[in-house]
Amino acid sequence: MHLENKKVGIIGTGKMGQSLLRGIIRAGKAKPANIYASDVYEPALQALKSELGINVSTNNFDTVDNSDLIILAVKPQILRNVLRGFADHINEHKLIISIAAGVPASTIEEELHEDTRVIRVMPNIAATVGEAASAVSTGKNASAEDAEIAMEIFSSVGSAALVPEHLMDAVTGVSGSGPAYIFPVIEAMADGGVLEGLDRESAQKLAAQTVLGAAKMVLETKKHPAELKDMVTSPAGTTIHGVHALEKNGVRAAFTDAVMASAKRSREMGK
Ligand SMILES: NC(=O)C1=CN([C@@H]2O[C@H](COP(=O)(O)OP(=O)(O)OC[C@H]3O[C@@H](n4cnc5c(N)ncnc54)[C@H](O)[C@@H]3O)[C@@H](O)[C@H]2O)C=CC1
Ligand SMILES: O=C(O)[C@@H]1CCC=N1
């Protein structure tokens, strides 16, 4: 099964559902006429229909019945109920792709059918701008081709990598939740700039571009971040004074703790 000419369904057109929809269309991965989306909130659906030309419905049956693959983008807390609502409409020809945090593929198989083909993905909110970091894992019935399709979809909104499912909580801690750790960093760096006399707009732009540039250097040079840090820190210069201030405030432990707390919550949600 290749993505081309497949009917793609999305259940839940909130923040992530919409990001994925737009990304898939922007990348030409599916024609709007082949996309079926459902949500309980009709005004948002109608807006998506007129903006993107996709098929919409407030009834999840319409999405399930019309689609070859169905992306589940509702909150984890309601996922079981949503699945129960359409379990009778699922057969072995349909591929289920869930982005719900913490929910194991086995839970989805349990609620649908033991032989349902399930792929689990943890993307992040940067899918909105085509820069998500996604991890893809396969449930027990999903084939390598199913995983390829998921990789194709999520590669259209950023980078995607295959991981074994037991690492999904770790992925959630690092990249699923990660943008929310970095937004306050950007805000705080901009605050520092404002404190030192820059206007807010310039300070925020400088801070955001600095995060983007640093990330790009790590990805493109593939050097260890410590080596890159050493390239910025002149002896007795400005940067080492800044780095020292960060270390005194426990910045490394704070970020590692954030990843661990999010991963722990993801594990709890899976129970
Ligand atoms: N927001 C994020 O940064 C990320 C979210 N996720 C996962 O994505 C999923 C969606 O999260 P968000 O988009 O942030 O939530 P959201 O609240 O923005 O979207 C959920 C959508 O589901 C709709 N919905 C509620 N009940 C429904 C039903 N019975 N049938 C169909 N649609 C229904 C809501 O109206 C809403 O539009 C969650 O499972 C979350 O764990 C994964 C990675 C990142
Ligand atoms: O906070 C959450 O539960 C979701 C999953 C990863 C990012 N947002």
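# A predicted two-domain chain and its ligands

In this predicted model, the largest nonpolar core holds 51 residues, and the members that touch the most others are L20, L72, A73, I97 and V121. The chain that contains this core has 271 residues, of which 35% count as buried, and its secondary structure comes to 12 helices and eight strands. The chain is assigned two domains, domain 1 covering residues 8-172 and domain 2 covering residues 179-269.

**Overall fold**

- Measured out along its principal axes by calculation, the C-alpha trace of the chain spans about 70 × 40 × 30 Å.
- When contacts between residues at least 6 apart in sequence are considered, 64% of them join residues that are at least 24 apart.
- A73, one of the core residues named above, is in contact with I10, I11, G12, G14, M16, G17, L20 and I99, once its neighbours within four places in sequence are left aside.

**The two domains and their contact**

- The centres of domain 1 and domain 2, taken over C-alpha atoms, are separated by 32 Å.
- Where the two domains meet, domain 1 supplies nine residues and domain 2 supplies six residues.
- On the side of domain 1 that touches domain 2, helix α7, which runs over residues 168-176, gives the largest share, namely three residues.
- Sorted by class, that side of domain 1 is made up of five nonpolar residues, three polar residues and one charged residue.

**The annotated N-terminal stretch**

- An unreviewed UniProt entry carries the annotation "domain: Pyrroline-5-carboxylate reductase catalytic N-terminal", which in that record covers residues 7-102.
- Over residues 7-102 the chain is 43% helix and 20% strand, while the C-alpha atoms at the two ends of the stretch are 27 Å apart.

**Surroundings of the ligands**

- Around ligand 1 there are 26 residues, and those that come nearest are G12, G14, M16, A100 and A101.
- Two helices, α1 (15-26) and α4 (76-86), are the elements that give two or more residues to the shell around ligand 1.
- This shell around ligand 1 divides into 15 nonpolar, eight polar and three charged residues.
- G12, G14 and M16, which are among the residues that come nearest to ligand 1, are also among the contacts of the core residue A73.
- Ligand 2 is surrounded by A101, T172, G176 and S177, and by class its shell has one nonpolar residue, three polar residues and no charged residues.
- A101 therefore appears in both settings, since A101 is listed around ligand 2 and is one of the residues nearest to ligand 1.

Key: Residues are numbered from 1 along each chain as its sequence is written. Chains are lettered from A and ligands numbered from 1 in the order in which they are written. This is a predicted model: local features need pLDDT of at least 70, side-chain atom pairs count only at pLDDT 80 or more; totals for chains, interfaces and linings use all residues. Domain bounds come from an automatic or database domain assignment. Two residues are in contact if their C-beta atoms, placed from the backbone, lie within 7 Å. Helices (H or I, at least four residues) and strands (E, at least two) are DSSP runs, numbered from the N terminus. Ala, Val, Leu, Ile, Met, Phe, Trp, Tyr, Cys and Pro count as nonpolar, Asp, Glu, Lys and Arg as charged, and the others, Gly among them, as polar. A residue is near a molecule or strand if its C-beta atom, placed from the backbone, lies within 6 Å of it. UniProt positions are given in the numbering used here, feature names are shortened, and annotations may be inferred rather than shown by experiment. A nonpolar core is a set of buried Ala, Val, Leu, Ile, Met, Phe, Trp, Tyr and Cys residues joined through C-beta atoms within 7 Å. A residue is buried if 20 or more other C-beta atoms lie within 10 Å of its own, exposed if 12 or fewer, and partly exposed in between; C-beta atoms are placed from the backbone.
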